[in-house]
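Here is a short walk through a two-chain model, written for someone who would rather look at side chains than read tables. Keep the viewer open and follow along.

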Amino acid sequence: MSNAAENAKLYGYLASFDLVDEFLAAAAKVRDAGYTRWDAHSPFVIHGLDAAMGVKKTVLPYIVFLAGLTGAAAGILLQWWTNAVDYPFLISGKPLFSLPANIPVAFETTILFAAVSALIGMLALNRLPQLYHPLFTNRSFKRVTDDRFFISIEAEDPLFDATKTRELLESISGRSIEEIEVHP
Amino acid sequence: MQGNVLDITTENRHLNGVMRPALIICAVMAVIGFGGALFLANTTEHGIEYLLETYLVSFAFFLAISLGGLFFVLLQHCTRAGWSVVVRRVAEAVAANVWVMAALAVPVVYGIHHLYHWADAGAAAHDPLLAAKAGFLNPSFFIIRLVIYFLVWGVMASFLLRTSVAQDASGDPKLTLRMERLSAPGMILFALTINFAAFDILMSLDPHWFSTIFGVYYFSVSIVAFLAVMPKILYALQMRGVLPNAITVEHYHDFGKLLFGFNVFWAYIAFSQYMLIWYANIPEETEWFLKRQTGEWATVSLILIFGHFVLPFLLLVSRVIKRRPLLLAITGGYVAAMCWVDVYWLVIPEFSPGVARFGLLDVLCFLGMNGVFSAALVLRMRRHSVIAEKDPRLEESLAFENA
């Protein structure tokens, strides 16, 4: 479909689907074929797609939990250093370092660290922001925001084979497969 | 997955087969519990007084579970929740159990002169603070207020249960709208009544002390206790073949998430109450906490911090336990036990300074009330389906998945 320049490289194949059920079945077949560098694209959230794609559980919760603990420790340390060590300041007869008074700030820094790490971690794990993607060059792919479902398999996948992968996608989608190219 | 919603008519939706053994267990618990407690109380010195005190603990605990159920049902209607439809009928039955708690309030009223210092006419004569509060804190107005609270809760709970059961037959979606519309003002009534009930039943044990957040504290106890026992009730039903497929891991997962969230809310409220009093350091406020950090009660306070907040936080923060119904039921049972310890910590230091005299009497009294409460729950659920059969959002709930 494309009249690519001489130096254009193959990014991967793109297959399209009309129905959610077809789409989920296709994702399960690609998963079972053992591909790892591929993706499924849909205009809306589909329950069960994660399972059909065999998506592994994210490590994000662990990052957030550790960041939260770091935040709590940072909040306590900050108050200990500023109020009890660096500039001792007596407030209403309380000990210079006393836990009850430190809890609110420690709570806030816990939330701050956890929330910021959740946002940054989510972006980093998804490799976002990504302003350009080879799939954007494809005309029919624009319908992914409207009424089409797509599966793309990248050429960099270790199992990728120019003919076998094409045959697999054709057999499950029943339509012609489009080639996506990268223009360096 | 899409497109294969369960047909609930294939499910066992009635308690018929499991009712008899459940009722026998409940009856045995009630008889051994209350019978043993009465026997023990009669044969020990100050036994009846101890029994009244621990009775108040278990009464406030089971009342909290019922009120948590009422709040949960009101909340589902206010938010037009879809996920919870398959479990809402059980929550409605727990809420309607508030009528049983009304009957179980009688011994509290009977023991009013022992439990509540302000109920002593002589006490007010020597105590200007009590004399000033006598217009509110006196036995007859106390009883009138209790009657009002239970009427408000009971009428709301019965309305929600009856309307929902009526929909089982008619399938009329207008009934859902009716419940939604009345749940919003119901929520306001609930907030006011639980607040004042907490002041009356628990805070007035020390009539000199006051805390404006105390009602919210008792509310947090009630919602945590309810969310903690729900997975256990649902798991017990499913183990006996009731609703084996309608209630899924996804519903348990949501109860786990809510339990985690509201348990943190409890800690937040408890600390908010503590910190302001600690910071201001005014004797008339701090004396309440002083009692609870003197002697053995200091240990109980630490048990609450680590056992009621830190450990459940760590257990429930990951999805490991939340998505395993048996583990969640066990964890919930543990959190519920901690809620009971919390109520114990609210009540008993007023009568037993320095000594956390936990013993057989407390266990027996708890067992007895557990038997009566559970028997009433089973008997109530026997009368109708255990699922809101024709709720317009039933399909959404059956197909529900946590994304």
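How many residue pairs are in polar contact across the interface of chain B and chain A? The rule finds two, both at pLDDT 80 or more. Keep in mind throughout that this is a predicted model.

## Where the chains meet

Salt bridges don't feature at this interface: the count between chain B and chain A is zero. On the chain B side, α12 (249–280) and α14 (296–317) each put in at least two of the residues that touch chain A. The largest share of that side comes from α12(B), with six residues.

As for the overall contact, 17 residues of chain A and 15 residues of chain B take part. Together the chains bury about 1,400 Å², and carbon and sulfur atoms give 74% of that area.

## A nonpolar patch on the surface

Next, have a look at the outside. A nonpolar surface patch of about 930 Å² brings together L77(A), W80(A), W81(A), V85(A), F97(A), L99(A), I103(A), F107(A) and I111(A), with Y268(B) joining from the other chain. Two elements of chain A give two or more residues to this patch, α3 (60–86) and α4 (99–125).

F97(A) sits in the loop between α3 and α4 of chain A. Why can F97(A) be part of a surface patch? Patch residues need over 30% relative accessible area, and F97(A) passes because its value is 37%, which makes it partly exposed.

## Salt bridges within the chains

Side chains of opposite charge can pair when their charged atoms come close. Over all chains, the rule counts 23 salt bridges.

In chain A, E156(A) and R37(A) pair up at 3.1 Å, N to O. They are 119 residues apart: E156(A) is in the loop between β3 and α5 (164–173), and R37(A) is in the loop between α1 (20–33) and β2 (38–41). E156(A) counts as exposed at 55% relative accessibility, while R37(A) is partly exposed at 37%.

Over in chain B, R80(B) bridges to E180(B), with the closest N and O atoms 2.9 Å apart. This pair spans 100 residues, from the loop between α2 (47–78) and α3 (85–96) to helix α10 (residues 173–201). R80(B) is exposed at 51%, whereas E180(B) is buried at 8%.

R89(B) and D168(B) make another chain B bridge, again with closest N and O atoms 2.9 Å apart. R89(B) is in helix α3 and D168(B) in helix α9 (residues 139–170), 79 residues apart. Both R89(B) and D168(B) are buried. Shared partners join them with R88(B), E92(B) and D391(B) into one salt-bridge network.

## Backbone oddities

Three spots are worth a click. The peptide bond from L128(A) to P129(A) is cis, with omega near -5°, and P129(A) lies in the loop between α4 and β3 (149–154) of chain A.

The other two are in chain B. L243(B) is not a glycine, yet its phi is positive, about 50°; its place is the loop between α11 (214–239) and α12. N281(B), also not a glycine, has a positive phi of about 60° and is found in the loop between α12 and α13 (283–292). Buried or exposed, what is L243(B)? L243(B) is buried, with a relative accessible area of 1%, while N281(B) is partly exposed at 48%.

Key
Residues numbered from 1 in each chain as written. Chains lettered and ligands numbered in written order. Predicted model: local features only at pLDDT ≥ 70, side-chain atom pairs only at ≥ 80, totals over all residues. Heavy atoms only, no water. Patch = residues over 30% accessible without salt bridge, like charges linked within 9 Å, V, L, I, M, F, W, Y side chains within 5 Å. Areas by Shrake-Rupley, 256 points an atom, 1.4 Å probe, with all protein chains shown as cover. Salt bridge = Lys/Arg side-chain N within 4 Å of Asp/Glu carboxyl O. Helix = DSSP H or I, 4+ residues; strand = E, 2+ residues; numbered from the N terminus. Buried < 20%, exposed > 50% of the residue type's maximum accessible area, 1.4 Å probe, protein only. Contact = heavy atoms within 4.5 Å. Buried area = accessible area lost by both parts, 1.4 Å probe. Polar contact = N/O pair within 3.5 Å; in protein donor to acceptor, adjacent residues only side chain to side chain.
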